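The report below is meant to be read with the sequence and the coordinates at hand. It goes from the overall fold to the core, the aromatic residues and the cysteines.

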Amino acid sequence: GAHDPPACLFSSGTALPPALQALRIRGGAIMDDACVLALCHSLPPTLQRLSLNCGGSTLVSDSSLLAFGKLPEGLEELTLAFKGCPNIAGKEANLGSRGLPSSLRTFALDFSS
């Protein structure tokens with residue numbers, strides 16, 4: 001309908017530059033679980049820094065946290081903000097079956113309401 005959020009850039013198969021080293025996304029209320037999953041699957045192996053702010057989204061849930069088990073192994077800095085996301089309880093904070101990359105040096109996570 002006329003009030004549907006815009007389609008997720010990442011779920012349309014849009015490729016990120018293969019040599020990308022840093023990515024900062026402020027998706028806010030338009031981010032949903034499918035978009036977070038598509039993003040995590042499209043990250044290039046060269047990525048070193050990722051910042052994702054889904055603040056205020058009612059469309060992301062704990063399922064989004066599981067997508068972070070697919071992060072590139074060379075990732076050094078990760079900032080995730082889910083401030084004001086009522087469907088994130090943080091119960092899946094193991095962040096996926098693989099866990100976080102061993103290369104990670106800086107990790108910030110915001111679940112505040």
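What follows describes the fold, the core, one aromatic pair, the cysteines and one loop residue in turn.

**Fold and sheet**

The model is predicted, and its protein chain has 2 helices and 4 strands, which follow the pattern β-α-β-α-β-β when read along the sequence. The 4 strands form an open sheet in the order β1-β2-β3-β4, with parallel pairing. Because β1 (22-26) and β4 stand at the edges and have a single partner strand each, one side of each is left without a neighbour in the sheet. Neighbouring strands of this sheet are turned by 0° against each other on average, with direction ignored. Between β3 and β4, which run parallel, there are 5 bridges, and A81 stands opposite D110 in β4. Among the contacts between residues at least 6 apart in sequence, 86% join residues at least 24 apart.

**Nonpolar core**

Of the 113 residues of the protein chain, 39% count as buried. The largest nonpolar core has 29 residues, and those with the most contacts inside it are L23, V36, L52 and F82. The elements that give two or more residues to this core are β1, α1 (33-42), β2 (49-53) and β3, and α1 gives the most, with 5 residues.

**The aromatic pair**

The structure holds 1 aromatic pair. This pair is formed by F82 and F111, which are stacked, with 6.1 Å centre to centre and 20° between the planes. F82 lies in the loop between β3 (77-81) and β4 (106-110), whereas F111 lies in the segment after β4, so the pair ties together parts that are 29 residues apart in sequence. When residues up to four places away in sequence are not counted, F82 touches C54, V60, L65, F68, I88, L109, D110, F111 and S112; this list thus includes F111, the partner in the stacked pair, and one of the cysteines taken up next, C54.

**Cysteines**

Why does the structure hold 0 disulfides? For C40, the closest cysteine sulfur is that of C54, and at 9.4 Å it is too far for a bond, given that a disulfide calls for sulfur atoms within 2.5 Å. C54 is likewise in no disulfide, its nearest cysteine sulfur being that of C85, 6.2 Å away.

**Accessibility of the residues discussed**

The relative accessibility of the cysteines C40 and C54, of the aromatic residues F82 and F111, and of the loop residue R105 is set out here.

| Residue | Relative accessibility | Class |
|---|---|---|
| C40 | 2% | buried |
| C54 | 0% | buried |
| F82 | 1% | buried |
| F111 | 33% | partly exposed |
| R105 | 63% | exposed |

The stacked pair therefore brings together a buried ring residue, F82, and a partly exposed one, F111.

**A loop residue**

R105 is found in the loop between β3 and β4, and R105 counts as exposed, because its relative accessibility of 63% is over 50%. The C-alpha atoms of R105 and E77 are separated by 6.0 Å, although the two residues are 28 residues apart along the chain. F82, by contrast, lies in that loop as well but is buried, at 1% relative accessible area.

Definitions and conventions: Residues are numbered from 1 along each chain as its sequence is written. This is a predicted model: local features need pLDDT of at least 70, side-chain atom pairs count only at pLDDT 80 or more; totals for chains, interfaces and linings use all residues. Side-chain values use heavy atoms; hydrogens and water are left out. Buried means under 20% relative accessible area, exposed over 50%, partly exposed in between (1.4 Å probe, protein chains only). Rings of Phe, Tyr and Trp (its six-membered ring) pair if their centres lie within 6.5 Å; planes under 30 degrees apart count as stacked, over 60 as edge-to-face and the rest as tilted. Two strands pair if DSSP finds at least two bridges between them. Axes are lines fitted to C-alpha atoms, for helices over the stretch in contact, and angles run from 0 to 180 degrees between N-to-C directions. A nonpolar core is a set of buried Ala, Val, Leu, Ile, Met, Phe, Trp, Tyr and Cys residues joined through side-chain atoms within 4.5 Å. Contact means heavy atoms within 4.5 Å.
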